[in-house]
Amino acid sequence: MIRRLSPAFVAVEVVFLALSFGIYAGAKEPDPQIVNIGARKTVSLDGDWKFIADPYRIGFVSYHQVPLRDAKTFFADKDFYDDRTRLVEYSFSHASALKVPGDWNTQYEKLYYYEGLVWYRRIFDFTPVKGKRYFLYFGAVNYESEVALNGKRLCRHEGGFTPFNIEITEALNEGRNSLVVSVDNTRRKDGIPTDNSDWWNYGGITRSVCIVELPESFVCNYSLLLDSKVLGKATRRKPELHRIFGSVHLEGAAPGTAVNVRIPELGVSVNAFSDMEGDASFEINSRPVLWSPDSPKLYDVEISAGEDVVRDRIGFRYVETSGNRIMLNGKPVFCKGISVHEETIGTSRRVTDASECMELLSYVRELGCNFVRLAHYPHNEQMVRAAEELGLMVWSEIPAYWTISWDNKATYANAQRQLEDMILRDINRCNVVIWSVANETPVSDARTLFLSRLIARVRELDPTRLVSAAMEKTKVAANTYTVDDPLVEYTDLISFNQYLGWYSSNNADCDLTSWTFNSDKPVFISEFGAGAVYGNHGDADERFTEEYMADCFRRNLDMMTKRMPGLAGMTPWVLKDFRSPRRLLSGIQDDFNRKGVISENGERKQAFFVLKDFYASSLLGQIGLLPHNY
Ligand code: GCB
């Protein structure tokens, strides 16, 4: 059962933050995450929200920088109660609107580069039903947010890519309600991510918002898993019989409440009873068809407890490593992947719905991939679900990227919470095979301690997946590289990013380069690539031409297949050209990282076809890399 940090730990952190900002005193943490919101009774609050951009934070602090009392903050939404109080010098009613879900950067030109505080306000009518409980659910808000309903400050949340919810049963009015959310995407040295990254810092309520209606006691979260570590060996001996471990967490239920789990297609119906903590666990012996990229089989599952019933579609598989192979359902699998940012094709903004996820993933399928790295933060739930339906294995990660404040306790607590919330939301998505805790973090004792603690936490919460991080290469001799990172001791894979051909070398270097690894773990190239502008043609040694990029792919693929022992998978960088404020080369980059195999408008560059041909070729099989081609 997944539990959040202990309340005492959280309290220490909240006090710390209150002291650092002087404005959050008393702000509560959200309630335990309720999962599978798509299957609940909800009222959507998506649509137009009024907004006020507040770069000087006047909605929070006085001109002497003294925190305002609640009734004076913008949370109080003065003009909602009395439209004549114009002297307050702000008015949501007279403000413009932003679409939710959505980033603000691409909705108004003047907000394109904006990083700071924005106030969102939504008025809605509601008729609560007696005996029901109501929760506000946010799919994601980047980065830091505080939520107030009818002037009552309810909770504060930090982290731009994970969901959170808070109970509003008491704060809801019958009739009209004012919901105010402060959203602040100021980059922070002590944040996760830190103040430096290579993607656009899209601000806003970027994912859907809704009110969830639930009975007094309800199913909060659950997991149904095949355990590879425990069951892999047993399953190989008796391939037809699998054991599914299940657990259900109830909120508001008396100990001893009955929980029923049904999987009709498998003829399964089991009962269990909740303990003092609201947890019920059970085991199921069954013979499910295992999920795989070839056969992405999912089962209808129904979980009920008292008045509450939740339906999901869940698949079963197990993943493990054996020497330097990644094994799916007991068979070696080569991960033919690509990395993807959560940014739409066309407008290049944050993805807001399932069809935009499908559009991105359709290119992934066209490449012949069986795997996708969802970089560099938890993507929205629809993305993971769409990948599951399409038979794509997933690498999912938190934005512990580059130079995190490794010694800061609050930063650690924040990273762990984001990790827990990512795992909790997607634990039943069988296509997620790798949880990753970091990307390209400079090696130091403090960093390895920080990340090894995160890895230990993942294993505690979920022993059924592989755990890794995108590490970096080290030169051991002329033309020879390895991965000399103490973190390898803790990860299941030797996974790393390398940019031979692009950063500080030329494509021809690949032809001379060999790799050697000290440990017998699967080798996974989590990134390689080069930049090109779609339609820019020239010689293969001319940077930013499609020819240079295609040549970089060809030579890297050749090197990796011939001189990289233990190669088990790859996710080249990256599917689509994406916005990044670090990309300043005028006329070429224009705020875009150009390493996409497709342009921001979806045009396929030459490298797209090089990769596609490689994944389709029998080359992998011939050189023994593809013992089982899913
Ligand atoms: C990396 C990072 C990725 C960057 C990429 C690049 O190693 O992990 O986020 O976008 O390099 O293009 O430099």
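A residue counts as near the ligand here if one of its heavy atoms lies within 4 Å of it. Keep that in mind for the first two views, and remember throughout that this is a predicted model.

**View 1. Who sits around the ligand.**
Zoom in on the ligand and you'll find 14 residues surrounding it. The closest are D198, H376, E440, Y503 and K595. Sorted by class, this shell is a mix: five residues are nonpolar, four are polar and five are charged.

**View 2. Polar contacts to the ligand's oxygen atoms.**
Three side chains are worth picking out here. Y503 places a polar side-chain atom 2.4 Å from an oxygen atom of the ligand. For D198, an N or O atom of the side chain is 2.5 Å from a ligand oxygen. R583 joins in too, with a polar side-chain atom 3.2 Å from an oxygen atom of the ligand. How much of the ligand's accessible area does the protein cover? Of the 310 Å² that the ligand has on its own, 97% is covered by the protein.

**View 3. The nine-stranded open sheet, with parallel pairing.**
Read across this open sheet and the nine strands come in the order 21-32-31-29-26-25-24-23-22, paired in parallel. Why do strands 21 and 22 each have one side without a neighbour in the sheet? Strand 21 (335-336) and strand 22 (339-340) are at the edges and have a single partner strand each, so one side of each stays free of a sheet neighbour.

**View 4. Strands 23 and 24, side by side.**
Moving into the nine-stranded sheet, strand 23 (residues 371-374) pairs with strand 24 (residues 393-397) in the parallel sense, over four bridges. To get your bearings, look for R373, which stands opposite W395 in strand 24. Helix 7 (residues 445-461) packs on this sheet, where it touches strand 25 (432-439) and strand 26 (466-472). The direction of helix 7 makes about 160° with that of strand 25.

**View 5. A four-stranded sheet with antiparallel pairing.**
Here's another open sheet, this one built from four strands in the order 14-13-16-17, with antiparallel pairing. Strand 14 (268-273) and strand 17 (308-314) are the edge strands, and each pairs on one side only. Ignoring direction, neighbouring strands of this sheet are turned by 15° against each other on average.

**View 6. Strands 13 and 16 up close.**
Strand 13 (residues 258-263) and strand 16 (residues 299-305) pair over four bridges in the antiparallel sense. A handy landmark is N260, found opposite S304 in strand 16.

Technical notes: Residues are numbered from 1 along each chain as its sequence is written. This is a predicted model: local features need pLDDT of at least 70, side-chain atom pairs count only at pLDDT 80 or more; totals for chains, interfaces and linings use all residues. Side-chain values use heavy atoms; hydrogens and water are left out. Two strands pair if DSSP finds at least two bridges between them. Helices (H or I, at least four residues) and strands (E, at least two) are DSSP runs, numbered from the N terminus. Contact means heavy atoms within 4.5 Å. Axes are lines fitted to C-alpha atoms, for helices over the stretch in contact, and angles run from 0 to 180 degrees between N-to-C directions. A polar contact is a pair of N or O atoms within 3.5 Å; within protein, one must be able to donate a hydrogen and the other to accept it, and residues adjacent in sequence count only if both atoms are side-chain atoms. Accessible areas come from the Shrake-Rupley method with a 1.4 Å probe; for residues, only the protein chains shown count as cover. Ala, Val, Leu, Ile, Met, Phe, Trp, Tyr, Cys and Pro count as nonpolar, Asp, Glu, Lys and Arg as charged, and the others, Gly among them, as polar.
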